[in-house]
Amino acid sequence: MNIRSSFSVLLVGLLSLSSIVGLAEVGRSQTAAEQQVSQTEKIGRLVQDLKSRDSKVRSDAESKIRYMGKSAIPYLIPFLKNSNPEVRANLAWMISTIDESAKLEIPDLIPLLKDADPEVRWKTAVAIGKMGASAKSAIPHLIILLKETNNELPWRAAYALGRIGESSIPYLIPLFKDTDPRVRRSVAEAIKQMGESAKSVIPDLISLLKDSDLRVRVTAVDALGTMGKSAKPAIPYLIAALNESRGEIDGAPRYGIDNVATALAKIGETALPYLIPLLKDAEPQVRSRAFYVLEKMGTSAKPAIPRLILLLKDEDPSVRSSAASVLGRTGESARSALPKLISLLKDTDSQVRQSAAWSIASMGESAKSALPNLSLLLKDADSTVRRNTTEAIKRMFESGKFTFPELIPLLKAPEPFVRVIATLNLAKMGEPAIPYLLPLLKDSDRDVRHSAAIAFGRMGTSAQSAAIPDLISFLKDSDPNLRWSASAALGNMLYLGTSAIPNLIPLLKDSDSDVRSSAAYALGNIALGNLALGMRDESMKSAVPSLIPLLKDSDKWVRSSAAYALGNIGPSAESSISALIPLLKDSDAIVQSSASQALAKLGYKP
């Protein structure tokens, strides 16, 4: 082959290769185009589903669009011009939730702020607001919405402007003096969304505290509260608002008391020098409101503790009560007030006694020493005091972290309720607690015995067998609570409860549904415990005839427990299969599940 021929062959080869590559490129571009068309059509169909009257169809379409994520956004943009306003509104909303930081979509969303449909406008405003500072190009358009007469739109636009942040402030400042109160309120609402980053407008917000419109004043108060310590210049004005709120303008209250109190509480201890003098104000209402603010401050009110301790001796019971309540809010920081608070447990005023009890219980470990004094209120002549003291003692045990040595003496406390709480807490200590809990099964108080049974039940097999004789005796007690707690405890002991089987079977016919359920479940647990040890107790067979009727019990928990027990009993309960099958269609899902599991254990195959 000569050189020319070789070159010709090579040239033909290169041209062929070029053609193949070209065709491949065309194929790829066609495939990409086809995919784009396919995706557009797919989203188009989903957008059409958004118009459906069927809520499930709409919901499914929305979920599928969201699932596509950011990749769906370019395909959604053209549909923002859909003729259906509901579709336009929902798409604007979805775009923002798919990608809250999206910047590219702002120009596409802005025209919707001028949409003829108000819902489209407000949903678009919220969508833009969710995009934060990146949406600042929309600020002039959102400002226009603040003057809309539709009640929803100004508020939503204010939210958006607030989320966009500081860039909105120059546009908002002139509107603080707008003649329309709705606009002024919306401006304050926008500033409230920004919080401390908008502290430059605090003087403008202060001016709104004297506004003629109640809602404007309240929103300005709320906005100042979001500024934290930066709002210190507003404190005198808020204190004045707190005192003046009993007055009216045009028949409307000047301020919302709770709003002012919350704002001052958020500003924090910076406001204390203004509040503390009010605690001795001659006007009871002023004192009450000052205490209310301090309560809201919580631990931030610690600097006021010395003054509050002095007020525990005030001749006005409402002052003593309020001072005690505030001290409780400051937590363990107020432990120096404990002696004075203990003395208030004997106060002649029932409200003072209640407040003192709650305050003591709030002091955590510091309050442990006060428990004997606190317990005396469990016998108070006032039922409300007794009830609140009960809750206060519960709270102490929840937060005080009583140690083993601290709990032991409480088992002999004269007040049954203290013994009950101590018993339940001691059960958490495990086996070392058993010798101390056993005597409580014979306690003179029924509630204590009930709690001791629950305690042993919580300990399970670690409770050993020492408690079983007393628990079995409870199965015949006249109190259903004792029968219930004893059967539950015996069941939780698993194989240790085997000796109780003959005594549990009669409870399957108990008049109390909770007892029937507990007894059935206990039998199921005992059978399970024995099975785990490779044993099947023959005495369990005798329970089957009594368990089968319970599968038709009116109580779902009884039906479920009976099914559970029969499944765990195993082959000896095969006679129950025909009675279990209907429960697969029970009205309750839990019963269905219990029946299904029981049938599987019994070898039933549908």
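Trainee: Leaving aside its neighbours within four places in sequence, with which residues is Leu471 in contact?

Mentor: In this predicted model, Leu471 belongs to the largest nonpolar core, where it is among the residues that touch the most other members. Beyond four places in sequence, the residues in contact with Leu471 are Leu441, Ala453, Ala486, Ala489, Leu490 and Met493.

Trainee: Is Ser560 buried or exposed?

Mentor: Ser560 is part of helix α32, which spans residues 556–569. Outside its neighbours within four places in sequence, Ser560 has contacts with Ile590, Val591 and Ser594. Because its relative accessible area is 9% and the limit for this class is under 20%, Ser560 is buried.

Trainee: How are the rings of Tyr521 and Tyr564 arranged, stacked or edge-to-face?

Mentor: Tyr521 lies in helix α30 and Tyr564 in helix α32, 43 residues apart, so the pair links distant parts of the chain. The ring centres are 4.4 Å apart and the planes meet at 15°. Since planes under 30 degrees apart meet the criterion, the pair is stacked.

Trainee: What angle lies between the planes of Phe404 and Tyr436?

Mentor: Phe404 is in helix α23 and Tyr436 in helix α25. Both residues are partly exposed, Phe404 at 22% and Tyr436 at 37%. Their rings form an edge-to-face pair with centres 5.6 Å apart, and the angle between the planes is 80°.

Trainee: Over which residues, with two contacts beyond four places in sequence, does pLDDT stay under 50?

Mentor: The protein chain has an average pLDDT of 84, and 89% of the residues score at least 70. The stretch with two such contacts where pLDDT stays under 50 is residues 1–30.

Conventions. Residues are numbered from 1 along each chain as its sequence is written. This is a predicted model: local features need pLDDT of at least 70, side-chain atom pairs count only at pLDDT 80 or more; totals for chains, interfaces and linings use all residues. Side-chain values use heavy atoms; hydrogens and water are left out. Helices (H or I, at least four residues) and strands (E, at least two) are DSSP runs, numbered from the N terminus. Buried means under 20% relative accessible area, exposed over 50%, partly exposed in between (1.4 Å probe, protein chains only). Contact means heavy atoms within 4.5 Å. A nonpolar core is a set of buried Ala, Val, Leu, Ile, Met, Phe, Trp, Tyr and Cys residues joined through side-chain atoms within 4.5 Å. pLDDT is the predictor's confidence in each residue, from 0 to 100. Rings of Phe, Tyr and Trp (its six-membered ring) pair if their centres lie within 6.5 Å; planes under 30 degrees apart count as stacked, over 60 as edge-to-face and the rest as tilted.
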